[in-house]
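Dear colleague,

Please find the structure below, followed by an account of what was found in it. I would be grateful if you would keep the structure open while reading.

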Amino acid sequence: MQPWLTSAWQDIARSQAHGRPQAYCLVHPPGLSVEPLRDKLTAHLLCQSADEKPCGHCASCHQLALNTHPDLLSLIPEGAAGMIPVDSVRAAIETAYTTAALGGNRVIQVRPSEALNRSSSHALLKIIEEPPQGTFFIFETALPGKLLPTLVSRLRMLRIPPPDAETLAAFTAGAGGDATDLTLGEV
């Protein structure tokens, strides 16, 4: 995982020690991917191991690695408008009220969350406020101001700060890139 995502992961681990939130929102700077953090959180929530999470060995971890996990739903933009349609949200909500296929948890990813239209956002309000046992939501956005305030008030907001230039350069060089080509804050 990129070093600038580590503090966010530590915040997640601390928050779970005080009762696990069922709805997270990963707020990241535009252009900065939080996919490794989202994937680690998803794997952690879906893993069936009682010890190490994610264990990488249980049936849930195996299916997640194969991208075939039946208890992972992703609400993503569809169609020419690039929005998350209310029909997709309603279908995910209906699924959330059923028993998880593997008998463990279910994770519903909403990415990017700013692609929710007003109807889709309103459809999510009740289930986010009172989620079914074992159903977790992971929202992801670079534009939290585009989310309904009533939706934001129900989410555990995790703000990922942009990496400083030195950290980004060291990471890029360590990954085989050319750190001299990096320009931060310039267009």
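**Salt bridges**

With a relative accessibility of 6%, Arg 38 falls under the 20% limit and therefore counts as buried. Please note that this is a predicted model. Asp 39 is partly exposed, its relative accessible area being 34%. The side chains of these two residues, Arg 38 and Asp 39, form a salt bridge with an N to O distance of 3.6 Å. Altogether, the count of salt bridges comes to five.

Another of these pairs is Asp 71 with Arg 106, whose side chains meet at 3.6 Å, N to O. Asp 71 belongs to the loop between helix H3 (59-65) and strand E2 (72-75), while Arg 106 is in strand E3 (residues 106-110), so the salt bridge ties together parts that lie 35 residues apart in sequence. Are these two residues buried or exposed? Asp 71 is buried, at 0% relative accessibility, and Arg 106 is buried as well, with a relative accessible area of 4%.

A further salt bridge joins the side chains of Glu 129 and Arg 154, at 3.0 Å from N to O. This pair links distant parts of the chain, since Glu 129 is in helix H5 and Arg 154 is in the loop between H6 and E5, 25 residues apart. Glu 129 counts as partly exposed at 48% relative accessibility, and Arg 154 counts as partly exposed at 27%. In addition, salt bridges with shared partners bring Arg 38, Asp 39 and Glu 140 together in one network.

**Helix H1**

Helix H1 consists of 15 residues (residues 3-17); at 1.5 Å a residue it should span 21 Å, and the 22 Å between its end C-alpha atoms agrees with this. Which residues of H1 are buried? They are Trp 4, Leu 5, Ala 8, Trp 9, Ile 12, Ser 15 and Gln 16. These residues cover an arc of only 135° around the axis, which means that they lie on the same side of H1. As a general matter, an α-helix has 3.6 residues a turn, so residues three or four places apart point the same way.

The elements that cover the buried residues of H1 include strand E1 (23-27), helix H2 (35-46), strand E5 (156-159) and helix H7 (165-174). After H1 comes Gly 19, which has a positive phi, near 100°.

**Helix H5**

Helix H5 (residues 118-129) has twelve residues, for which 1.5 Å a residue gives an expected span of 16 Å; its end C-alpha atoms are 17 Å apart, in agreement. At the start of H5, a side-chain oxygen of Asn 117 comes to within 3.2 Å of the backbone nitrogen of Ser 119.

The buried residues of this helix are Ser 120, Ser 121, Leu 124, Leu 125, Ile 127 and Ile 128. What do the buried residues of H5 pack against? Their partners are E1, helix H4 (86-96), strand E4 (135-141) and helix H6 (149-152).

**Three residues in loops**

Leu 116 is located in the loop between E3 and H5. Its relative accessible area is 6%, so Leu 116 is buried. Beyond its neighbours within four places in sequence, Leu 116 is in contact with Met 83, Ile 84, Val 89, Val 110, Ser 121, Leu 124, Phe 139 and Leu 151. For one of these, Met 83, the C-alpha atom is separated from that of Leu 116 by 5.9 Å, although the two residues are 33 residues apart along the chain.

Asn 105 sits in the loop between H4 and E3. Its side chain reaches the backbone oxygen of Leu 45 at 2.8 Å. Residues up to four places away in sequence aside, Asn 105 touches Arg 20, Leu 45, Leu 46, Asp 71, Ala 100, Gly 134 and Phe 136. Asp 71, listed here, is also the salt-bridge partner of Arg 106. The C-alpha atoms of Asn 105 and Gly 56 are separated by 16 Å, the two being 49 residues apart along the chain.

His 69 is in the loop between H3 and E2. At 7% relative accessibility, His 69 counts as buried. The side chains of His 69 and Ser 60 make a polar contact at 2.6 Å. Apart from neighbours within four places in sequence, the residues in contact with His 69 are Leu 46, Ser 60, Gln 63, Leu 64 and Leu 102.

Yours sincerely

Definitions and conventions. Residues numbered from 1 in each chain as written. Predicted model: local features only at pLDDT ≥ 70, side-chain atom pairs only at ≥ 80, totals over all residues. Heavy atoms only, no water. Helix = DSSP H or I, 4+ residues; strand = E, 2+ residues; numbered from the N terminus. Expected span 1.5 Å × (residues − 1). Buried < 20%, exposed > 50% of the residue type's maximum accessible area, 1.4 Å probe, protein only. Arc of directions from axis to C-beta. Contact = heavy atoms within 4.5 Å. Polar contact = N/O pair within 3.5 Å; in protein donor to acceptor, adjacent residues only side chain to side chain. Salt bridge = Lys/Arg side-chain N within 4 Å of Asp/Glu carboxyl O.
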